[in-house]
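Morning, everyone. I have one structure to walk through today. Please take a look at the sequence and the model before I start.

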Amino acid sequence: MFKQDDVVQSRTGGPKMIVLQVKGDTLFCARVDDADKKEIEVPADSVNLYHEEGDFGVC
């Protein structure tokens with residue numbers, strides 16, 4: 001379902017994270033605002049693909 005470089009967010013909210021690698025049902029992610037890219041291990045079923053709310057880009 002998820003792949004490397006997807007941008008995800010916890011289902012309960014929180015910062016955007018980029019998927020560094022996928023191993024089975026576990027994602028290894030880093031916060032997009034973390035310059036050091038500290039790896040965070042999260043279950044795949046605890047996140048959703050990130051999407052902006054609202055009508056971005058509409059003039």
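Let me start with one side chain. Lys-3 is exposed, with a relative accessible area of 54%. Keep in mind that this is a predicted model.

What does Lys-3 pair with? Lys-3 forms a salt bridge with Asp-6. The closest N and O atoms of that pair are 3.0 Å apart. Now look at the partner. Asp-6 is buried, at a relative accessible area of 11%. So one end of this salt bridge counts as exposed, and the other end counts as buried. The cut-offs are over 50% for exposed and under 20% for buried.

Stay with Asp-6 for a moment. Its place is in the segment before β1, and β1 covers 7-10. The side chain of Asp-6 has a polar atom 2.9 Å from the backbone nitrogen of Lys-3. So Lys-3 comes up twice: in the salt bridge and, through its backbone nitrogen, in this short N-to-side-chain distance. What else does Asp-6 touch, beyond four places in sequence? The list is Met-1, Met-17, Ile-18, Val-19 and Leu-49.

How many salt bridges does the structure hold? Two. The other pair to look at is Asp-33 with Arg-31, whose side chains meet at 3.0 Å, N to O. Here Asp-33 is exposed, at 54% relative accessible area. Arg-31 is partly exposed, at 34%. As background, side chains of opposite charge can pair when their charged atoms come close.

Next, the sheet. In what order do the strands run? The order is β4-β3-β2-β1-β5. That is five strands in an open sheet, with antiparallel pairing. Which strands sit at the edges? They are β4, residues 40-43, and β5, residues 47-49; each pairs on one side only. From one strand to the next, the twist averages 50°.

Now the individual pairings. β2 and β3 are antiparallel, over six bridges. In that pairing, Met-17 stands opposite Arg-31 in β3. That is the Arg-31 of the salt bridge with Asp-33. The hairpin of β2 and β3 has two residues between the strands. Look at Gly-24 there: it takes a positive phi near 65°.

Move across to β3 and β4. β3 spans residues 26-31 and pairs with β4 in the antiparallel sense, over four bridges. Two partners are worth finding on screen. Leu-27 has Val-42 as its bridge partner in β4. Phe-28 has Glu-41.

Last topic: the core. In soluble globular proteins, nonpolar side chains tend to be buried together. Which residues make up the largest nonpolar core here? There are nine: Phe-2, Val-8, Met-17, Val-19, Leu-27, Cys-29, Val-42, Ala-44 and Val-47. β2, residues 17-23, supplies at least two of them, and so does β3. The bridge partners Leu-27 and Val-42 are both on that core list.

Take Phe-2 as the example. Leaving out residues up to four places away in sequence, Phe-2 touches Val-8, Val-22, Leu-27, Ala-44, Val-47, Asn-48 and Leu-49. Among these, Val-8, Leu-27, Ala-44 and Val-47 belong to the core. Leu-49 is also on the contact list of Asp-6.

To recap: an open sheet of five strands, two salt bridges and a largest nonpolar core of nine residues. Over to you for discussion.

Methods:
Residues numbered from 1 in each chain as written. Predicted model: local features only at pLDDT ≥ 70, side-chain atom pairs only at ≥ 80, totals over all residues. Heavy atoms only, no water. Pairing = 2+ DSSP bridges. Axes fitted to C-alpha atoms, helices over the stretch in contact; angles between N-to-C directions. Buried < 20%, exposed > 50% of the residue type's maximum accessible area, 1.4 Å probe, protein only. Polar contact = N/O pair within 3.5 Å; in protein donor to acceptor, adjacent residues only side chain to side chain. Contact = heavy atoms within 4.5 Å. Salt bridge = Lys/Arg side-chain N within 4 Å of Asp/Glu carboxyl O. Core = buried A, V, L, I, M, F, W, Y, C linked by side-chain atoms within 4.5 Å.
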